[in-house]
Amino acid sequence: MAKLLSGLRTVDSGLKTVDVVALWEKHITARRGQVKLFQGKVGKVLLAFRKKTLAKLDEIHLQKQVISKGLVDLIFATHDFGNALKDELNSPLRALLQSAGDELMEEVGYEDPWQYPPQGVLEFLAARDQKIMGVGGTVRDQLNTSLMEGVEAGETHAQLADRVKGVFNDMTSSEAKRVAMTEVNIGYSTARDQAMHDAGIEFKAWLSSHGPHVREWHAQAEDDYIDDPIPIDEPFDVMGEQLMFPGDDSLGASPENIINCQCIQLAAQKTGDDGKTLTYKVFGLGEMTFSKIETGHNTRDESTVKQK
C-alpha cells in the first residue's frame with residue numbers, strides 16, 4: 001500500500017510516545033466507573049450465593065447426611081448462579097452499549113442522534129449468555145476443589161464452612177474483577193465497532209493496552225496497525241487469530257486473546273490520496289501520510305503526524 005512519511009513515535013526502536021500511552025489511559029479512565037459498577041454487581045451475586053451455600057451446608061449438617069465427594073452439588077446450584085448473574089448484568093450491559101457508542105460518536109464528531117440498534121442489543125446479550133453462565137462453573141470448581149480437600153482430611157462442619165467462606169471471599173475480589181473487566185471491555189469494543197459502522201467510518205486501527213500486564217502479541221498488533229489502518233470490515237490478525245475488534249471471538253479467537261483485554265479499536269478515515277501519497281486520520285492521534293510503494297505493505301521507519 002504505502003510507505004509512511006510521518007509518524008507519532010519511533011516504531012523501529014519499540015518506544016511508545018506519551019501520546020499513544022496517554023490516549024490509552026484516557027480511554028481506560030473513562031471505563032473505570034463501569035468496571036467498578038460491574039464488579040459490584042458480580043460481588044453482589046457472589047455474596048448472595050455465599051449465604052445460600054452456607055445455609056445448604058448447615059442443612060446437611062443438621063440432617064446428619066453423609067458428606068461425600070458430591071457435596072458441592074448439594075449445596076451450590078451452578079445453573080441458578082449463572083442465571084442470577086446474567087439477570088444482574090442485563091441492564092448494565094444494555095446501558096454500557098449505548099454509552100460506549102455515544103463516546104465513539106463524540107470522538108469522530110458525529111452529531112446526529114444515535115441509538116444502539118435494539119436487535120443488536122439482543123444479539124449481544126445472547127452472545128454473552130454462555131460466557132456469563134460459565135462463571136457459575138468456575139465458582140463450582142473452586143468450591144469443589146477446596147471442599148474435597150476438607151472432606152478427605154476429615155474436617156468438621158465448621159472447618160468446611162470456613163472453606164466455603166474463603167472461596168467466595170477470594171472470588172469476590174479476583175473473579176469479580178476479571179468478569180467485570182472482561183464484560184466491560186467487550187461491551188465497549190462491540191459498541192465502538194457498531195457506532196463506527198453507523199457513522200460511516202471506513203478504516204480502523206489497534207491501540208494496545210499500556211498497562212503492566214499487556215500481552216506481547218497485543219503490543220505487536222499496535223505496531224502492525226496503529227499507523228497502518230485497515231478497512232473496517234477486515235479482521236485484525238493477532239497471534240495468528242482473527243478479531244474484528246479487541247475482545248471479539250466471533251471468528252474463533254481464544255480466551256488468551258480476550259480475557260481481561262484492554263486494547264482499543266480506533267476509528268480512522270482516509271483524508272487524502274493524490275496518487276503518490278495516502279493520508280489517514282486516526283481519531284485521537286492525528287493524520288499519517290504514506291508514500292505509495294509496490295510491495296503492498298506499509299513501512300513505518302519514517303513519519304510525520306499532524307495532530308488535531
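Phe81, in this predicted model, touches a set of residues that are far from it in sequence: once its neighbours within four places in sequence are left aside, Phe81 is in contact with Val45, Leu46, Phe49, Phe76, Val135, Gly136 and Val139. One of these partners, Val139, shares a distinction with Phe81, since these two residues touch the most other members of the largest nonpolar core, which has 65 residues. Several elements build this core, and α1 (18-62), α2 (71-75), α3 (78-108), α4 (118-152), α5 (157-198), α6 (216-225) and β4 (236-238) each supply at least two of its residues. Among the contributors, α5 gives the most, with 16 residues. Apart from this core lies another one, of 17 residues, which includes Val20, Leu23, Ile226 and Met288. As background, nonpolar side chains in soluble globular proteins tend to be buried together.

The helices can now be followed in pairs. Two packed helices are described by the angle between their axes and the distance between the axes. For α3 and α5, the axes come within 8 Å and cross at roughly 50°. An angle of this kind makes α3 oblique to α5, and the crossing in which α3 passes α5 is right-handed. On the α3 side, the residues that meet α5 are Leu93, Leu96, Leu97, Ala100, Gly101, Glu103, Leu104, Met105 and Glu107. On the α5 side, their partners are Glu183, Val184, Gly187, Tyr188, Ala191, Arg192, Ala195, Met196 and Asp198. Taken together, the residues of this contact of α3 with α5 divide into 11 nonpolar, two polar and five charged.

The helix α5 also packs with α4, and here the angle is about 160°, with the axes 10 Å apart. Because angles over 145 degrees count as roughly antiparallel, α4 and α5 are roughly antiparallel to each other. The crossing of α4 and α5 is right-handed, and the residues of their contact divide into 14 nonpolar, seven polar and six charged.

A last stop is His218, which lies in helix α6. Is this residue buried or exposed? His218 has a relative accessibility of 1%, and because buried means under 20% relative accessible area, His218 counts as buried. Leaving aside the neighbours within four places in sequence, the residues in contact with His218 are Trp206, Ser208, Val238, Asn257, Cys261 and Cys263.

Notes:
Residues are numbered from 1 along each chain as its sequence is written. This is a predicted model: local features need pLDDT of at least 70, side-chain atom pairs count only at pLDDT 80 or more; totals for chains, interfaces and linings use all residues. Side-chain values use heavy atoms; hydrogens and water are left out. A nonpolar core is a set of buried Ala, Val, Leu, Ile, Met, Phe, Trp, Tyr and Cys residues joined through side-chain atoms within 4.5 Å. Buried means under 20% relative accessible area, exposed over 50%, partly exposed in between (1.4 Å probe, protein chains only). Helices (H or I, at least four residues) and strands (E, at least two) are DSSP runs, numbered from the N terminus. Contact means heavy atoms within 4.5 Å. Axes are lines fitted to C-alpha atoms, for helices over the stretch in contact, and angles run from 0 to 180 degrees between N-to-C directions. Angles under 35 degrees count as roughly parallel, over 145 as roughly antiparallel, 65 to 115 as roughly perpendicular and the rest as oblique. A crossing is left-handed if the near helix is turned anticlockwise from the far one by less than a right angle, and right-handed if clockwise. Ala, Val, Leu, Ile, Met, Phe, Trp, Tyr, Cys and Pro count as nonpolar, Asp, Glu, Lys and Arg as charged, and the others, Gly among them, as polar.
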